[in-house]
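Here is a short tour for anyone who would like to know this protein before heading back to the bench. Take a look at the model first, and then we can walk through it together.

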Amino acid sequence: MAAARLPSTDLPRVAEALEMIAPRWSVWVLMTLASQPGPLRYTKLKEHLPWLADGQLHPRLRALSDAGLIERTAQTRLHVTYGLTARGRELMPSLTALAGWGDAHLEKNLVLNRVTGKTEPERISAAQNAEDTLAVIGHRHATVLLWTLKARGTTTMAALSAEAMADHSPSAIYSPIRRLIDDGIVSVSHDDVASLQLTAPGQALAPIYRALSSWATARPLPDAETHPVWGTPRIPAAARSGQWAAHQARKTSQAVAVRQPPAPAPAPAPATAWRPGELFSAATSGPSR
């Protein structure tokens with residue numbers, strides 16, 4: 001497949017946005033502030049994040065303030081509050097998308113539900129799911145490799161390296177691509193030539209990158225559905241004109257007739273899928289990982 005032309009300003013800005021929120025505890029701080037009706041004094045904020053020492057929380061607040069996501073307001077020397085800026089609030093759909101992907105695709109330990117007596121996946125907080133997802137896609141070169149694979153489709157290691165990491169030696173791709181393969185979002189096939197492509201979980205990263213693209217480029221979130229790389233595919237009108245379509249039945253060589261589904265309706269803009277009470281795995285617990 002020919003490579004799609006990558007937007008010249010889109011990808012770098014998304015990568016920069018990920019670098020901004022990838023440091024550990026950043027998402028916890030942002031989502032905690034978002035769950036409150038107004039700014040919090042430092043002591044109140046620390047009550048929501050009791051496992052963080054001052055030496056961990058202070059640097060996060062300072063970095064997020066410098067990034068323009070948090071506003072620090074000093075009423076007096078001893079009365080300082082922290083709240084989300086407008087840009088910080090606009091980032092929430094991206095954090096929701098990160099949390100949703102983590103909840104759907106990251107492995108979870110099985111635990112006993114003492115109410116039902118059944119074993120079920122452990123409950124992971126929204127903030128922890130988002131941070132775990134950032135650990136998968138937030139490392140160096142991950143986004144540019146995923147972005148290029150999405151645009152190209154199936155491609156070779158050499159072609160991917162030449163396009164996504166042209167300023168590096170060809171061998172520099174091995175470490176980040178191996179990590180993406182180990183995390184299950186890129187697969188490799190060994191036919192005549194080893195080929196790389198996104199797995200289903202890799203393709204499912206689309207809502208994250210659409211939301212981050214809209215935020216990073218200050219475009220309306222609904223416009224992200226038509227993103228040139230990660231947008232929702234539209235079925236051409238001509239392909240929808242017939243009433244019937246040939247469909248290859250699973251595990252059979254016979255073609256069967258099935259009714260053509262209607263054109264998909266535009267997906268609604270992502271909303272904050274988590275409620276304040278769901279920010280934590282349990283009422284008094286911190287991160288579960």
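## The overall picture

What percentage of the 289 residues in the protein is buried? Buried residues make up 40% of them. Please keep in mind that this is a predicted model.

The chain holds 12 helices and 10 strands. About 16000 Å² of the protein is exposed, and carbon and sulfur atoms supply 54% of that area. Looking at contacts with a separation of 6 or more, 62% are between residues 24 or more positions apart.

## How far to trust the model

The average pLDDT of the protein is 81, and 77% of the residues score at least 70. At the start of the chain, residues 1-7 have a pLDDT below 50, and this stretch has 17 contacts beyond near neighbours in sequence.

A second stretch to treat with care is residues 235-273, where pLDDT stays under 50. The model gives this stretch 35 contacts beyond four places in sequence. Where pLDDT is low, the predicted coordinates should not be read in detail.

## A three-stranded sheet

Let us turn to one of the sheets. Three strands form an open sheet in the order E1-E3-E2, and their pairing is antiparallel. Strand E1 (40-41) and strand E2 (70-74) are the edge strands, each pairing on one side only. Strands of a sheet pair through backbone hydrogen bonds, either parallel or antiparallel.

E1 and strand E3 (residues 80-84) run antiparallel and are joined by two bridges. If you would like a spot to zoom in on, Arg41 has Thr81 in E3 as its bridge partner. Helix H2 (residues 26-34) packs on the sheet and touches E1, E2 and E3. The direction of H2 makes about 90 degrees with that of E3.

## A covered helix

Is helix H12 (residues 206-216) mostly covered or mostly uncovered? H12 is mostly covered, with 10 of its 11 residues buried. Among the buried residues are Ile208, Tyr209, Leu212 and Trp215, and the list also includes Arg210, Ser213 and Ser214.

Which helices do the buried residues of H12 pack against? Their partners are helix H1 (10-21), helix H5 (86-90), helix H6 (92-105), helix H7 (126-137), helix H8 (142-152) and helix H11 (200-203). Just after H12, Ala218 has a positive phi of about 55 degrees.

Terms used: Residues numbered from 1 in each chain as written. Predicted model: local features only at pLDDT ≥ 70, side-chain atom pairs only at ≥ 80, totals over all residues. Heavy atoms only, no water. Pairing = 2+ DSSP bridges. Helix = DSSP H or I, 4+ residues; strand = E, 2+ residues; numbered from the N terminus. Contact = heavy atoms within 4.5 Å. Axes fitted to C-alpha atoms, helices over the stretch in contact; angles between N-to-C directions. pLDDT = per-residue confidence, 0-100. Buried < 20%, exposed > 50% of the residue type's maximum accessible area, 1.4 Å probe, protein only. Areas by Shrake-Rupley, 256 points an atom, 1.4 Å probe, with all protein chains shown as cover.
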